Amino acid sequence: MREMRRKDRQVTDPEKIREIIAACDCCRLGLCDHGRAYVVPLDFGFTEQEGRYTFYFHSAREGRKIDLIRQAGWASFEMDAGHEAVPDETACEYTARFQCVMGGGPVTLLEAAEEKRAGLAAVMAHVSGEAGPWDFSEAMLERTQVIRLEAEELTCKVHL
């Protein structure tokens, strides 16, 4: 992965990265469609083990996003929080405060019921702020596509 240009804004502290991810309410999944970017905003959940993040998304079982995941097997992602414009008297001196996490990795469409349950539980925990327990019926699991992205690349940047 390409090195970050603004090292003064790079975050490497695992606790801070986890805090920023937890503060984000949307993850944009980036896919490639015949050489053009296709970006879709999604609710998400995540797990972290030894500094490696796995992100989960839910979706309909059909559609452009699902087709592109099947074709590529790789996706990029971006999430951000804490936006605030910082005005200046000079237009080009305006800036913004923000926190963002970006990266990419292999993306998989989950089929096994237990994997789907675990992914949906992660989504519900993040979206609701509650650990559960969550109950997912067999019918719901059947009609819902759960997507897993294992982040092989991840960078975090903050400008406060």
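Helices (H or I, at least four residues) and strands (E, at least two) are DSSP runs, numbered from the N terminus. Residues are numbered from 1 along each chain as its sequence is written. The model is predicted, so local features need pLDDT of at least 70 and side-chain atom pairs pLDDT 80 or more, while totals for chains, interfaces and linings use all residues, and side-chain values use heavy atoms, with hydrogens and water left out.

**Exercise 1. Positive phi outside glycine**

Task: Find where Glu50 lies, and decide whether Glu50 is buried or exposed. Then do this for His34.

Solution:
- Step 1. Start with the background: most residues other than glycine have a negative phi, and most peptide bonds are trans.
- Step 2. Glu50 sits in the loop between β3 and β4, and its phi is positive, near 50°.
- Step 3. For burial, use relative accessible area: buried means under 20%, exposed over 50%, partly exposed in between (1.4 Å probe, protein chains only). Glu50 has 79%, so Glu50 is exposed.
- Step 4. His34 belongs to the loop between β1 and β2, with a positive phi near 55°. At 74% relative accessibility, His34 is exposed.
- Step 5. While you are looking at loops, go to the one between α3 and α4, where Pro133 is found. The peptide bond from Gly132 to Pro133 is cis, with omega near 15°.

**Exercise 2. Strand β1 and its partners**

Task: Work out which residues of β1 form its covered face, and how many bridges join β1 to β2.

Solution:
- Step 1. In a regular strand the side chains alternate between the two faces of the sheet.
- Step 2. In β1, the covered face holds Cys27, Leu29, Leu31 and Asp33, and the uncovered face holds Arg28, Gly30 and Cys32.
- Step 3. Now the pairing, for which DSSP must find at least two bridges between two strands. β1 and β2 run antiparallel and are joined by 7 bridges; Cys27 faces Leu42 of β2 across the pair.
- Step 4. β1 also pairs with β5, antiparallel, over 3 bridges, and Arg28 stands opposite Glu78 there.

**Exercise 3. The buried side of two helices**

Task: Why do the buried residues of α2 lie on the same side of the helix? Repeat the reasoning for α3.

Solution:
- Step 1. In α2 (residues 64-72), the buried residues are Lys65, Ile66, Leu68 and Ile69.
- Step 2. They cover an arc of only 165° around the axis, so they are on the same side of α2. The arc is taken over the directions from the helix axis to the C-beta atoms.
- Step 3. On the face turned away from that buried side are the exposed residues Arg70 and Gln71. Gly73 follows α2 with a positive phi, near 70°.
- Step 4. In α3 (residues 113-128), Lys116, Gly119, Leu120, Ala122, Val123 and His126 are buried. Their arc is only 150°, which puts them on the same side of α3.
- Step 5. The elements covering the buried residues of α3 include α1, β3, β4, β6, α4 and β7, a matter of contact, meaning heavy atoms within 4.5 Å.

**Exercise 4. Aromatic rings**

Task: How many aromatic pairs does the whole structure have, and which residues form one aromatic cluster?

Solution:
- Step 1. Rings of Phe, Tyr and Trp (its six-membered ring) pair if their centres lie within 6.5 Å; planes under 30 degrees apart count as stacked, over 60 as edge-to-face and the rest as tilted.
- Step 2. The search gives 6 pairs. For Phe46 and Tyr53, the ring centres are 6.1 Å apart and the planes at 45°, so this pair is tilted.
- Step 3. For Tyr53 and Phe55, the centres are 6.0 Å apart and the planes at 15°, so this pair is stacked.
- Step 4. Phe44, Phe46, Tyr53, Phe55 and Phe77 make up one cluster. Three of its members can be checked for burial: Phe46 is buried at 14% relative accessibility, Tyr53 at 6% and Phe55 at 0%.

**Exercise 5. The nonpolar cores**

Task: Which strand gives the most residues to the largest nonpolar core?

Solution:
- Step 1. A nonpolar core is a set of buried Ala, Val, Leu, Ile, Met, Phe, Trp, Tyr and Cys residues joined through side-chain atoms within 4.5 Å.
- Step 2. The largest has 31 residues, and Ile21, Phe44, Phe55, Phe57, Met79 and Leu149 have the most contacts inside it.
- Step 3. Strand β5 (residues 74-86) gives the most, with 4 residues.
- Step 4. Apart from this core lies another, of 8 residues, including Leu110, Leu120, Val123 and Phe136.

Key
Expected span 1.5 Å × (residues − 1).
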